[in-house]
Amino acid sequence: MYNDFAEVYDRLQDADYGRFVDFYEKIFQKQGLAPELVLDLACGTGNITLPMAKRGYDMIGLDMSVEMLNIARNKAYEENEDILFLCQDMCEMELFGTVDAIVCALDGVNYITDYDDLKKLFRLVQNYLNPGGVFVFDINSVHKLKNILGNNTFVNEEQGIFYVWQSEFSEETQVCDFGLTFFEEAEDGSYERFDEFQQERAYTIAEIKDAAEFAGLEVTGFYKAFEFVTADDNDERIFFVVSKKIG
């Protein structure tokens, strides 16, 4: 995942990363937390990790893509930010100690396509999260993967990249397959083609709650995107706050 795509990822992403970090800080405040050490799961090219480091958090970025992490490390070096980056699968992560908070942005959790692996992730979160800490993440909802992205084809061209995105949603597995074909324009006007295949699993709010409780964690909030309004499975993006109890 994200091999050749790592080079063009930032050019295609139009997410407002500052808005994510703002919302994380509102959640921290709402939970009465002042975390110092924060883990960014599926950190990609560091678009959440770097802004959080600039706001004074001691950051760890974790991702399974070497290519993505290389870009993130270069960004951190250029910005003179001292960030520990780890190349690991988040469902198999091994940290050096515990952290005060964990974040995972832009449907990173959806890429866990096996429910048992999701439970494994929550067990690891429970192990590495300090008591009273929170795990904040957002998902593409069942509604979005099934009815908006699923069984559709998207064609777009921007910043010298033409791409076709074909999606297929399986009712049986609740997994949406993404086949992406990119054509990147070279300096001489020719185009280089590369292909990417990705999968996202649709999870209901109830499934997320059950997996968290299985690991001894508690879902203390699930919200519509960027607002403290309780979400439901018909919302396109849902933010979860999962807490580790004290004692």
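**Close-up 1. Lys119 sits over a ring in this predicted model.** The ring in question belongs to Phe214, and Lys119 lies over its face at 4.8 Å from the ring centre. A second case involves Lys30, which is found over the face of Phe228, 5.0 Å from the ring centre.

**Close-up 2. Seven strands line up in an open sheet.** Reading across, the order is S3-S2-S1-S4-S5-S11-S10, and the pairing is mixed. Strand S3 (84–87) and strand S10 (218–224) take the edges with a single partner strand each, so one side of each has no neighbour in the sheet. On average, neighbouring strands here are turned by 15° against each other, direction ignored. Look at S5 (residues 129–140) and S11 (residues 237–243): they pair in the antiparallel sense over seven bridges. Asp138 stands opposite Phe239 of S11.

**Close-up 3. Helices H2 and H5 lie across strands of the sheet.** H2 (residues 17–30) crosses S4 (99–104), S5, S10 and S11, and runs at about 140° to S5. H5 (residues 115–128) lies across S1 (37–41), S4, S5 and S11, with an angle of about 145° to S5.

**Close-up 4. Phe20 meets Phe239 in a tilted aromatic pair.** The whole structure holds 19 aromatic pairs. In this one, the centres are 5.7 Å apart and the planes make an angle of 45°. Phe20 belongs to helix H2 and Phe239 to strand S11, so the pair ties together parts 219 residues apart in sequence. Both rings are tucked away: Phe20 is buried at 3% relative accessibility, and Phe239 is buried at 0%. Ring pairs also link these two with Phe23, Tyr223, Phe226 and Phe228 in a cluster.

**Close-up 5. Phe154 and Trp165 make another tilted pair.** Here it's 5.5 Å centre to centre, with 55° between the planes. Phe154 lies in strand S6 and Trp165 in strand S7, so this pair ties together parts 11 residues apart in sequence. Phe154 is partly exposed at 29% relative accessible area, and Trp165 is partly exposed at 24%.

**Close-up 6. Arg201 is a buried arginine in strand S9.** Its relative accessible area is 11%. The Arg201 side chain reaches the backbone oxygen of Thr113 at 3.3 Å. Beyond its sequence neighbours within four places, Arg201 is in contact with residues including Asp114, Tyr115, Leu145 and Glu207.

**Close-up 7. Helix H6 (residues 142–149) has four buried residues: Val142, Lys144, Leu145 and Leu149.** They pack against S5, S6 (153–158), S7 (161–169), S8 (175–185), S9 and S11. After H6 comes Asn151, with a positive phi near 55°.

Technical notes. Residues numbered from 1 in each chain as written. Predicted model: local features only at pLDDT ≥ 70, side-chain atom pairs only at ≥ 80, totals over all residues. Heavy atoms only, no water. Pairing = 2+ DSSP bridges. Helix = DSSP H or I, 4+ residues; strand = E, 2+ residues; numbered from the N terminus. Axes fitted to C-alpha atoms, helices over the stretch in contact; angles between N-to-C directions. Contact = heavy atoms within 4.5 Å. Buried < 20%, exposed > 50% of the residue type's maximum accessible area, 1.4 Å probe, protein only. Polar contact = N/O pair within 3.5 Å; in protein donor to acceptor, adjacent residues only side chain to side chain. Phe/Tyr/Trp six-rings, centres within 6.5 Å; stacked < 30°, edge-to-face > 60°. Lys NZ or Arg CZ within 6 Å of the ring centre and 35° of its normal.
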